[in-house]
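Work through the exercises below with the coordinates open beside you, and try each task before reading its solution.

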Amino acid sequence: MPQAKTIFDYIKPTDYRFVHICRRCDQPQFSNEREPAEACVRCGNDSFHVVPYYNPDQDYGLDVDYYAITMMYALWKEGLHKTQVVYDDFYRKAPFVKGVGDFSGELGGYVAFGGLGHLIETINNLHFSEADLDYLRQQPEGFEEAFLEDLRKLRFSGDMYAVEEGNLVFPNTPLIRLEAPVWECIWIEAMLLNIINAESLVLTKGSRIKTIAGKDGLLEMGKRRAQGRDASVYGAKMAYIAGFDATSNVKAGKQFSMPITGTQAHVYIMFHPSELEAFLAYANVFPQKTIPLLDTTDTLNSGLPHAITTARKLQEKGFEMTAVRLDSGDLAYLSKKVRKRLDEEGLEHVKIAATNDLDEYTIASLKQQGAQIDIWGVGTKFITAYDNPALGGVHKIVARRALPQELRAGIYNEDDWIPLIKISESIEKILNPGRKKVYRLFGPDGMAKGDYICLAHESLEGQSEIVLKHPTNPLKAKKIRDFEAVELHKQIFKQGKCVYDVPTLEEVRAYHQRQKNTFWEEYLRLEVPEVYPVSLSDELRNMKERLIEEKRQHDDG
Ligand SMILES: Nc1ncnc2c1ncn2[C@@H]1O[C@H](COP(=O)(O)OP(=O)(O)OP(=O)(O)O)[C@@H](O)[C@H]1O
Ligand SMILES: O=P(O)(O)OC[C@H]1O[C@H](OP(=O)(O)OP(=O)(O)O)[C@H](O)[C@@H]1O
Ligand SMILES: O=C(O)c1cccnc1
């Protein structure tokens, strides 16, 4: 007899917090309330098992810090919420970089820009659901119904320009430029930073690991250690962009159509009466992809001979064993011993995979020690960005249109962009004001020579020579001739609509590698990397200095 249809068969619940399951007939009912209000729709019973329900597709509108909502409300009350503004997103200091810096103490390093795909998807979904509005209605601030009604209709309506995902970016360079009504920019802030900071950080870590692993096999295995489910899935995506070959994360494989792979864990070996039986049983089921784990008992005296026996059995059936995995002990020593033994047995084709808290530094050290490792499995230290757990990217207002009182007083015109600046104790922290764009300058050899940040109306077209000047240290200057200037920002949203052809994951991965290849190794090395030149145009620098001066005079007066 066919099973009775349930509510799951008819609707796709998007907005509920609880499922009340009838204790008599198992009929589920969705609700935002913990307390079941009604009797079972199918059998009339009134006893329910209450199960928390969470659909990750919900709560886009509330994916914010509360002060965003209160500021949005205050601006709405003032009638200024739709004022057009410009926001920049940038970071100030590259992560993971160790060393003392150059002669002026400046540290180099880069960030591989990640998260744009996820951000586009999120902005496309941005809205306040009825449940979101109900939640706000319950807050003690007493938001007016007319405000909540405006939130109900609110969608992102602005323009967004961004560096493309996978490119390399440097401190203080605008990665994203948002031009939208001020309340939308405030709404988006925390969500945008959450995505871009987390994914760029992990992509950068992955990119560094890939630099060291080179052409060796590289597998992502961090699911169990990532800080949250989302972080594991998007982290695996970043690994693939960085150049890893595959992930152990099956959800990421499905969600992003990326390759998945795996070996075997200690449980499989411990469960069987003996290590050899375990190896043989697995090989029997997966003769084309057998990667025995050698260290459950004793890597060299038990795991290795049993793996060799397994490889022989596979050969008898016409198969070659793929690899063996080392997961503890001195990986340099063990890998050399294992390689030698395998080669002596005529098993040169069997590769050696290694895991155990690896990162770019351990891999570099193992390579330097002559370790015979062909495949690196990297988990915890990649996915958690272990040695630098946060990227401090920020989202700052840099310009706005005139306010009604300024228009009335004739101080500004309607189409003026008014540059904004925030003075800080340290000169490095003072942000670059105004609507800006970024050029990357390439030499005739195709290598990146420096980035040039200028105002949006400026152009480098027809210019054959340029002096790149350090933003805060006038002694650092570099003349460049014979360059090709490429604008880094692409338009992503136009009046709220995505106008960007979002590349496939394969394309983003290839793009990351191509961009990385345009940087000299000196900028990418792990320790004490060269500082990549980033310059402000003279017009931007002069404007910044003038605004600083005006602000100081204004505050003194
Ligand atoms: N030759 C080597 N040179 C540098 N680092 C190594 C070398 N061999 C292993 N390592 C690293 O040293 C660390 C060893 O960690 P740890 O002592 O926790 O492992 P273990 O005792 O071998 O195994 P287990 O995970 O079972 O505790 C790991 O991060 C591993 O990657
Ligand atoms: O070491 P990672 O870079 O995180 O790579 C993934 C690790 O996860 C597994 O072990 P698990 O951590 O579950 O147990 P273990 O520490 O006892 O090996 C596996 O054996 C790897 O060692
Ligand atoms: O497939 C593996 O070997 C694997 C997967 C996740 C974690 N550690 C190892």
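## Exercise 1: Positive phi outside glycine

With 11 C-beta neighbours inside 10 Å, Gln495 counts as exposed, because a residue is classed that way when the count is 12 or fewer. The model in which this count was made is a predicted one.

Task: locate Gln495 in the chain and state its phi.

Solution. The first step is to place the residue: Gln495 belongs to the loop that links β21 (489–494) to β22 (497–498). The second step is to read the backbone torsion, and phi of Gln495 comes out near 45 degrees, a positive value in a residue other than glycine. For context, most residues other than glycine have a negative phi.

Task: carry out the corresponding analysis for Ser257, giving its phi, its loop and its exposure.

Solution. Phi of Ser257 is near 50 degrees, and this residue too is not a glycine although the value is positive. Ser257 sits in the loop between α7 (250–256) and α8 (266–271). Since 11 other C-beta atoms lie within 10 Å of Ser257, the residue is exposed.

## Exercise 2: The packing of α5 and α12

Task: determine how helix α5 is oriented relative to helix α12, and which residues make the contact.

Solution. Begin with the fitted axes: α5 (residues 182–213) and α12 (residues 360–368) pack at an angle of about 5 degrees, and their axes are 9 Å apart. Because angles under 35 degrees count as roughly parallel, α5 is roughly parallel to α12. Next, list the contact, to which α5 contributes Arg208, Ile209, Ile212 and Ala213, while α12 contributes Glu360, Ile363 and Ala364. Sorted by class, the residues of this contact divide into 5 nonpolar, no polar and 2 charged.

Task: identify the buried residues of α12 and decide how they are distributed around its axis.

Solution. The buried residues of α12 are Glu360, Ile363 and Leu366. They cover an arc of only 130 degrees around the axis, and therefore lie on the same side of α12. The spacing can be read against a general rule: an α-helix has 3.6 residues a turn, so residues three or four places apart point the same way. As for their partners, the buried residues of α12 pack against α5, α11 (331–344) and β13 (375–378). Finally, follow the chain past the helix, where Gly370, just after α12, takes a positive phi of about 80 degrees.

## Exercise 3: The buried residues of α2

Task: name the buried residues of helix α2 and the elements against which they pack.

Solution. In α2 (residues 116–125), the buried residues are Leu116, Gly117, His118, Leu119 and Ile123. These buried residues pack against β6 (159–163), α5, α6 (229–242) and β21.

## Exercise 4: The shell around ligand 3

Task: list the residues that surround ligand 3 and sort them by class.

Solution. The shell of ligand 3 consists of Met221, Ser248, Gly262, Thr263, Thr355, Gly377 and Gly379. Sorting this shell, with Gly counted as polar, gives 1 nonpolar residue, 6 polar and no charged.

## Exercise 5: A strand residue and its contacts

Task: describe the setting of Val486 by element, exposure and contacts.

Solution. Val486 lies in strand β20 (residues 484–487). With 13 other C-beta atoms within 10 Å, Val486 is partly exposed. Leaving aside residues up to four places away in sequence, Val486 touches Tyr439, Arg440 and Phe442.

Technical notes: Residues are numbered from 1 along each chain as its sequence is written. Chains are lettered from A and ligands numbered from 1 in the order in which they are written. This is a predicted model: local features need pLDDT of at least 70, side-chain atom pairs count only at pLDDT 80 or more; totals for chains, interfaces and linings use all residues. A residue is near a molecule or strand if its C-beta atom, placed from the backbone, lies within 6 Å of it. Axes are lines fitted to C-alpha atoms, for helices over the stretch in contact, and angles run from 0 to 180 degrees between N-to-C directions. Helices (H or I, at least four residues) and strands (E, at least two) are DSSP runs, numbered from the N terminus. Angles under 35 degrees count as roughly parallel, over 145 as roughly antiparallel, 65 to 115 as roughly perpendicular and the rest as oblique. Two residues are in contact if their C-beta atoms, placed from the backbone, lie within 7 Å. A residue is buried if 20 or more other C-beta atoms lie within 10 Å of its own, exposed if 12 or fewer, and partly exposed in between; C-beta atoms are placed from the backbone. The arc is that of the directions from the helix axis to the C-beta atoms.
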